[in-house]
Amino acid sequence: MAKECNSKTCDKSSCEGCSNKGKNMDLMAEANSMSNVKHVIGIVSGKGGVGKSFVTASLANRMAAKGFKVGILDADITGPSIPKMYGLKGAAQADDDGIYPMETGNGIKVISINLLLPTEDTPVIWRGPILANMVKQFWTDVIWGDLDYLFVDMPPGTGDVPLTVFQSLPVDGIVIVSSPQDLVKMIVKKAFNMAEMMHIPVLGIVENYSYVKCPDCGKEIKVFGESHIDEIAAELGVPVLGKMPIEAAFADYADKGEFHQVVNTYLEAADTHMPM
């Protein structure tokens, strides 16, 4: 588990090096007694449709391939996609000790609302506070065991669920996911500013849908316009962790529930920015 303290609010003088610095410790949720998670990484965006689940799963696959013990907490309660990508279907098992996550073909532990519902297309029609509480239970009630990294796939925006994750879980850092449209600067800054206000480090930015390669000549076609991610990252003082093209093969693996076979080389730069 990341270093913690017992004070109600961390500050620089008493908690130098603490991952919870600046947070109100009264709001932090206690992990399941059978969980030992070293690092919690949030995958966020200021808007939907930019591929957060794809980036979450890609980062998880990369770290698992390096021999780390990895888990994914699917915090997108109303729009979960992680189980489908890995071909996982409920119901997850539980006993008096808690809920047991399911495992992907490459050994990643996963919990998602879709592993607890009667069918994968059962809608979740809940208000914000209930959604937030469900995500907190994925931390307190799920038996994660020993993990080096727990990646949290967040819903879009800066609402109840991201706020609950930032306040209740010992988040070591976040990765912001964007796309090349002109409005990306505003979207990235919203996510960045929320993280700053919550005292959460920003590990870097990933740009998705950067281009598509022509299958005949190999030319890179900028479907969504020119990228602005380098200038935005420089302005915010954070690294660019990757620029990912539209890859039909990756989408095919996800559709078939075989995403455990994907090793996303476009995110190679992210490896060195993960906390150790």
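How much space lies in the largest pocket? The note below begins with that point and then moves through the sheet, the helices and several individual residues. The structure discussed is a predicted model.

1. **The largest pocket.** The space in the largest pocket amounts to about 260 Å³. Its lining consists of 19 residues, and those nearest the centre are Val50, Gly51, Phe54, Asn208 and Tyr209. Two helices deserve attention here: H1 (52-65) and H7 (248-255) each supply at least two residues of this lining. In terms of class, the lining of the largest pocket comprises 10 nonpolar, 5 polar and 4 charged residues.

2. **The cavity.** A search of the whole structure for cavities of 30 Å³ or more finds 1. The largest cavity holds about 60 Å³ of space. Among the residues that line it are Val44, Ser45 and Gly46, together with Gly157, Thr158 and Pro162. The lining also includes Phe166, Ile174, Ala191 and Met194. Helix H4 (160-168) and helix H5 each contribute at least two residues to this lining. The lining of the largest cavity divides into 6 nonpolar and 4 polar residues, with no charged residue.

3. **The sheet as a whole.** An open sheet is formed by 8 strands, arranged in the order S5-S6-S2-S7-S1-S8-S9-S12, and the pairing is mixed. At its edges stand S5 (102-103) and S12 (240-243), each of which pairs on one side only. As a general point for reading such a sheet, the side chains of a regular strand alternate between the two faces.

4. **Neighbouring strands S1, S8, S9 and S12.** This part of the sheet may be followed strand by strand. S1 and S8 pair in the parallel sense over 5 bridges, and Val40 has Val171 in S8 as its bridge partner. S8 and S9 likewise pair in the parallel sense, over 5 bridges; here the bridge partner of Ser178 is Glu207 in S9. S9 and S12 also run parallel and are joined by 3 bridges. Glu207 appears again in this connection, standing opposite Lys243 in S12. As for its surroundings, S9 is mostly covered, with 6 of its 6 residues buried.

5. **Helix H4.** The buried residues of H4 are Val161, Pro162, Thr164, Val165, Phe166 and Ser168. They pack against strands S1 (35-44), S7 (145-153) and S8 (171-178), and against helices H3 (128-140) and H5. Pro162 and Phe166 are also among the residues that line the largest cavity.

6. **Two residues with positive phi.** Most residues other than glycine have a negative phi. Which value does phi take in His199? The phi of His199 is near 60°, a positive value in a residue other than glycine. His199 lies in the loop between helix H5 (184-197) and strand S9 (202-207). His199 counts as partly exposed because its relative accessibility is 44%. Tyr209 also has a phi near 60°, again positive in a residue other than glycine. Its place is in the loop between S9 and strand S10 (212-213). With a relative accessible area of 25%, Tyr209 is partly exposed. Tyr209 is, in addition, one of the residues nearest the centre of the largest pocket.

7. **Cysteines and disulfides.** A disulfide is a covalent bond between the sulfur atoms of two cysteines. How many disulfides does a search of the whole structure find? The search finds 0 disulfides. Why do Cys214 and Cys217 not form a bond? The cysteine sulfur closest to that of Cys214 is in Cys217, at 3.6 Å, and therefore too far for a bond. The cut-off that matters for this reasoning is that the two sulfur atoms must lie within 2.5 Å. Cys217 itself is exposed, since its relative accessible area is 58%.

8. **Arg62.** Is Arg62 buried or exposed? Arg62, which is found in helix H1, counts as buried because its relative accessibility is 9%. The threshold in use is that a buried residue has under 20% relative accessible area. Leaving aside residues up to four places away in sequence, Arg62 touches Val263, Asn264, Thr265, Leu267, Glu268 and Asp271.

How values were computed. Residues are numbered from 1 along each chain as its sequence is written. This is a predicted model: local features need pLDDT of at least 70, side-chain atom pairs count only at pLDDT 80 or more; totals for chains, interfaces and linings use all residues. Side-chain values use heavy atoms; hydrogens and water are left out. On a 1 Å grid over the protein atoms alone, a cavity is a set of points where a 1.4 Å probe fits but cannot get out, and a pocket is an open set with protein on both sides within 12 Å along at least five of seven lines; lining residues have an atom within 4 Å of a point. Grid points are joined across faces, edges and corners, and a volume is the space filled by probe spheres set on the points. Helices (H or I, at least four residues) and strands (E, at least two) are DSSP runs, numbered from the N terminus. Ala, Val, Leu, Ile, Met, Phe, Trp, Tyr, Cys and Pro count as nonpolar, Asp, Glu, Lys and Arg as charged, and the others, Gly among them, as polar. Buried means under 20% relative accessible area, exposed over 50%, partly exposed in between (1.4 Å probe, protein chains only). Contact means heavy atoms within 4.5 Å. Two strands pair if DSSP finds at least two bridges between them.
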